[in-house]
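Welcome! Here are a few short exercises to help you find your way around a new structure. Have a look at it first, then try each task before reading its solution.

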Amino acid sequence: DVDSVYNWTVFVNDSLGYGQESASLNFSISSVNAISLVVDNATFSTLSLGQEDNTTDNSPNPVRVRNDGNIRLNISVHANQSLWIRKPLNTTFYMMAAGNFSTQTESFNWSGSAQSFTNVTNVSQYIIKQLEFNATKNTGEIEVSVTTPFDEPDGAKESFLMLQSVWY
């Protein structure tokens, strides 16, 4: 267990019996909460007014998060601002969902995660529950869905998704 103290002592034994007990020593393994973004952006191509696109087909790629620590993590997400000029956050024009990385489909608790697209807000909301730290299953995806509002002016759009990891 991480963050637990383990005590140990040593007794020497030869064919004649036990020697004196050594001094008690201890060690602990500290928990490490560490994530990295393997893919740190989802760059959509030019979309027409009213057109929807999402990352579930890996075009563009979803945001990919990896647990580099030694504890299970819950990942929450919020946006710094709306993607659109004409539509605020918390609308169906900018959404997110948990996704499985194709080679690591058992990396997190699927039933406890946001399986369906949910509106992106400026308040942190859990999206990936219990992201594992095993090297062969430690990666999850944050799928992004966007729909261009019919009244949106032309131009490049940008919004940052802020990720937070909390020990499960």
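**Exercise 1. How many salt bridges does the count come to?** Keep in mind that you are looking at a predicted model.

Solution. Start with the rule: a side-chain nitrogen of Lys or Arg must lie within 4 Å of a carboxyl oxygen of Asp or Glu. By this rule the count comes to four salt bridges.

Next, look at some of them one by one.

- Step 1: Arg64 pairs with Glu141, and their closest N and O atoms are 3.0 Å apart. Arg64 belongs to strand E7 (residues 63-67) and Glu141 to strand E12 (residues 139-147), so this salt bridge ties together parts that are 77 residues apart in sequence. Both partners, Arg64 and Glu141, are buried.
- Step 2: Asp68 and Arg66 also meet through their side chains, at 2.7 Å from N to O. Here Asp68 is partly exposed, with a relative accessible area of 38%, and Arg66 is partly exposed at 30%.
- Step 3: Glu152 and Lys157 form another salt bridge, at 3.1 Å from N to O. Glu152 counts as buried at 5% relative accessibility, while Lys157 is partly exposed at 26%.

**Exercise 2. Describe the open sheet of three strands: what is the strand order, and which strands stand at the edges?**

Solution. Step 1: read off the order, which is E11-E8-E13, with antiparallel pairing. Step 2: find the edges. Strand E11 (125-131) and strand E13 (161-167) each have a single partner strand, so one side of each is left without a neighbour in the sheet. Step 3: add the twist, which averages 25 degrees from one strand to the next.

Step 4: zoom in on one pairing. Strand E8 (residues 73-79) is joined to E13 by seven bridges, and the two run antiparallel. To see one position across this pairing, find Ile75, which stands opposite Ser165 in E13. As a reminder, strands of a sheet pair through backbone hydrogen bonds, either parallel or antiparallel.

**Exercise 3. Is Ser113 buried or exposed, and which residues does Ser113 touch?**

Solution. Step 1: locate Ser113 in the loop between strand E9 (94-100) and strand E10 (118-119). Step 2: apply the cut-off. Buried means under 20% relative accessible area, so Ser113, at 9%, counts as buried. Step 3: list the contacts. Leaving aside residues up to four places away in sequence, Ser113 touches Ala98, Phe108, Ile127, Ile128 and Lys129.

Step 4: turn to E9 itself. Six of the seven residues of E9 are buried, so this strand is mostly covered. E9 runs antiparallel to E12, with seven bridges joining them, and Asn100 has Gly140 as its bridge partner in E12. E9 also runs antiparallel to E10, through two bridges, and there Met96 stands opposite Thr118.

**Exercise 4. Which residues make the nonpolar surface patch of about 620 Å²?**

Solution. Step 1: pick out the members, which are Tyr6, Trp8, Val10, Val12, Leu25, Phe27 and Ile29. Step 2: see where they come from. Strand E1 (5-8) and strand E4 (25-28) each supply at least two residues of the patch, while Val10 is found in the loop between E1 and strand E2 (11-14). Step 3: check that Val10 can take part. Patch residues need over 30% relative accessible area, and Val10 is partly exposed, with a value of 37%.

Conventions:
Residues numbered from 1 in each chain as written. Predicted model: local features only at pLDDT ≥ 70, side-chain atom pairs only at ≥ 80, totals over all residues. Heavy atoms only, no water. Patch = residues over 30% accessible without salt bridge, like charges linked within 9 Å, V, L, I, M, F, W, Y side chains within 5 Å. Areas by Shrake-Rupley, 256 points an atom, 1.4 Å probe, with all protein chains shown as cover. Helix = DSSP H or I, 4+ residues; strand = E, 2+ residues; numbered from the N terminus. Buried < 20%, exposed > 50% of the residue type's maximum accessible area, 1.4 Å probe, protein only. Pairing = 2+ DSSP bridges. Axes fitted to C-alpha atoms, helices over the stretch in contact; angles between N-to-C directions. Contact = heavy atoms within 4.5 Å.
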